[in-house]
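Dear colleague,

Please find the structure below, handed over for your records. My notes follow it.

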Protein chains: 2
Amino acid sequence: MSRIQIKDLLKLEPSEQSVTAKGWVRTKRESKNAVFISLNDGSTIHNIQAVAEPGQVSEEILRLCTTGACLRIDGALVPSQGSGQAVEIRIARVEVYGAADPEEYPLQPKKHSLEFLREIGHLRPRTNTFSAILRIRHALAFAVHKFYNDNGFFYLHTPIITASDAEGAGEMFRVSTLDASNPPRTEDGRVDFSQDFFGREANLTVSGQLEGELGALALSKIYTFGPTFRAENSNTTRHLAEFWMIEPEMAFFELEDNMDLAEQFVKYVIGYALEHCKDDLDFLEKRLQEEEKNKPQNERSLPLSEKLNFVVGNPFERITYTEAVEILLKSKPHKEKKFQFPVEWGIDLQSEHERYLVEKHFKKPVILTNYPKEIKSFYMKLNEDGKTVRAMDVLFPGIGEIIGGSQREENYEKLLGRVNEIGIDPENLWWFLETRKFGTAPHSGFGLGFERLVLFVTGMTNIRDVIPFPRYPKSAEF
Amino acid sequence: MSRIQIKDLLKLEPSEQSVTAKGWVRTKRESKNAVFISLNDGSTIHNIQAVAEPGQVSEEILRLCTTGACLRIDGALVPSQGSGQAVEIRIARVEVYGAADPEEYPLQPKKHSLEFLREIGHLRPRTNTFSAILRIRHALAFAVHKFYNDNGFFYLHTPIITASDAEGAGEMFRVSTLDASNPPRTEDGRVDFSQDFFGREANLTVSGQLEGELGALALSKIYTFGPTFRAENSNTTRHLAEFWMIEPEMAFFELEDNMDLAEQFVKYVIGYALEHCKDDLDFLEKRLQEEEKNKPQNERSLPLSEKLNFVVGNPFERITYTEAVEILLKSKPHKEKKFQFPVEWGIDLQSEHERYLVEKHFKKPVILTNYPKEIKSFYMKLNEDGKTVRAMDVLFPGIGEIIGGSQREENYEKLLGRVNEIGIDPENLWWFLETRKFGTAPHSGFGLGFERLVLFVTGMTNIRDVIPFPRYPKSAEF
């Protein structure tokens, strides 16, 4: 008899039919009249309860059925006597695939801190919280592909190892096969990267955008969805050294089209999670309420489903950077000198400013546009005022910037001017510049940090908890 | 008026309605009575023809409408006079977004060699061949996600930067932020990787399998789809330093289930391409026939669609390694000493042997199982004979191994024995070993090299031509 996933078992009509379930024991409870085993196989947040009458399963076997053990259970699917589930398995036979010594197995049925679970990254997917996060992460990733596929975009695999740096800044990881201890040297004593694998110094990509533009200027609409890297020494709850980005890039899109797409896109993927991950979201919503129950009412988060439905159901506010600065200058925290950082036109808005705009002033996601060129990247299209660029940042409550994008500078001379201005050698970007020389087109794009999205949707607060195996300073375990 | 993609324009009923197309000029042809512009926007292999009567567009504009120029064309959609297309645009107005000086633009309307196109990777997506490949690559990638999503698998992002080596061998790229010229040293003079970003030596992953197993032993069925890396100095048509792999991993799957899944999976994705990429496949089929027209009949490939339909429509042959060796020993090329490499039980089958089995003997895809343990990885489940492991390789005509997988060794003692046998420090894999200690389960998985699949489906022969920006020794351009 073949195994049925627990997710599907729980939907069946119980009619004494023989079924087989396989999974890991979450809890075992023994009473005088029966043994109750809760089994989970990761297909759903819910367990199936399996019940054995005394003597049905040998003592020897039962002793092995502790939390974490992996079992095969055969039995009849019957209506459940207990509350909370419609069906249960009346055990006919148990096979133990693998025990889990209660003295050693770290995931006992009690509350574990997220910090502790990070240390056992190989086992944490077996917890309710992390399996829920991983299932939601999957659903969001699938929704990303489905959205772009349905809208005529082509998935483009931009390179991970690259010899260029999209941002002209950004701390990067070097990729090399040279002998680290004794690298070959040039005559003047420098490391001779011409003898390295790629014949030059190479790094891990910080963004697929530049190559994405090459795709868009041929196929019209492309998107990337791949890992990107920052070698920043930041030990925060918001930064990872390795994270996944989604970067659509569209020929013939101007800034307005770009904003429309960004808004439509995030609403779609969040809506998809609401539709497909109800049980997991319910679980995480309760988890969050439990976490915050000791906080004063006004510091508690909105219930997760309410927050997500609000984002999906309401238009994002769209204002310019200049308008945002004006709002901030008139704001109470500014007048009362409550902001840590001063506000004036030209500053890079700080997290406290963004939060004020999103959480206090507008109380909804905000798209900020037309930033001063000095605080944005060289490839963004200059406005006619000569001072601002056609950038856009989408700001989310609790998260801050979730999307950053722009219309791109499509004019060869202007782009070359900016490249020189910020001190990039145009030789390094010859191929990028050439796209403006041959059949250039107005085009736009943006990037969304996938983990930020997962944070927002799951209501988690530390980015290390929404990626299976986080990479950050001093940590590359598992 | 908003732009309509050319793919959609070509499907409209022509009724003189006003339309806007945007794209790149493929060709311009002038006759006494009209100017014909073929425009392509990458949404389809097909161009739309736009026709202007004399005087409708200024000479100054027309002069700029050369191959590669990017245009906006407004006009009426009318029935086409010419053959080969149902509709065309009667031009009312042309706007030139970007010219492409014919003296400089490398992609003139003539045949370019694939070698030349590799040197202009930033422009080659604008050719028919590469845009077709990229659209098919997209469709295959989407089909991968759809297949696994529809079958209850969860997409797991395994780490790219890792401190472990799944194969226990494999040449790897080092990832570091240490000063390459003057790295910190330990007292005994070695490079002090404890001061590196991750506090230890780190590399680019060669496989997500080990972490994938952690996911499967919690969520039951997962798959990865991400970049993997090999620092092998191979300049062949079949190897890349950076390529994309798909690695499903399933708890409770034995070798038979694994084979069933692998066969079902590749048939699904190839079938998806046949259904969704007909125009592009037709184009590539003709391209291949053109390429091979000077070859003798018996050296020509099957027509692409015939080859793909054959794979989708026929069961794969399943035989053991031992049976395969017997067939090879009895084969004509062996008896006539035509094989370059000798055949005997225990050898790692060479490409010539695999090709004989697939292309000559069975004339269909073959799944080989139960290889000698010495030539396979340490994590594969040992058979009861003590000599062979429950490995499986799927061999495809023209490609060789497209999938490699196995049932995994789930027994802690046996796995530890193998780890020690091949000289891996068990400390480095403590987390992998622990999964066999706590709730171990029978499980299986495999890996498919995505570019090998794209090669097979597109009929291309060099792997550098099926990934947008190939990485190989001495090359990390773009």
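The notes below cover the relation of the chains, the cysteines and one helix.

This is a predicted model, in which local features need pLDDT of at least 70, side-chain atom pairs count only at pLDDT 80 or more, and totals for chains, interfaces and linings use all residues. Residues are numbered from 1 along each chain as its sequence is written, chains are lettered from A and ligands numbered from 1 in the order in which they are written, and side-chain values use heavy atoms, with hydrogens and water left out.

Chain A superposes on chain B by a rotation of 180 degrees with 0.0 Å of shift along the axis, at an RMSD of 0.0 Å (least squares on the C-alpha atoms of residues with pLDDT of at least 70 in both). This is the relation of a two-fold axis. Within chain A, the C-alpha of A:Val175 is the nearest to that axis, at 2.5 Å.

The count of disulfides (pairs of cysteine sulfur atoms within 2.5 Å) is zero over all chains. For A:Cys70, the closest cysteine sulfur is that of A:Cys65, 11 Å away and therefore too far for a bond. A:Cys70 is also buried, at 0% relative accessibility (buried means under 20% relative accessible area, with a 1.4 Å probe and protein chains only).

In helix H8 (residues 304-313) of chain A, the residues A:Leu304, A:Lys307, A:Leu308 and A:Val311 are buried (helices are DSSP runs of H or I, at least four residues, numbered from the N terminus). These residues lie on the same side of H8(A), because their arc around the axis is only 95 degrees (taken from the directions from the helix axis to the C-beta atoms).

With kind regards

Terms used. Buried means under 20% relative accessible area, exposed over 50%, partly exposed in between (1.4 Å probe, protein chains only). Helices (H or I, at least four residues) and strands (E, at least two) are DSSP runs, numbered from the N terminus.
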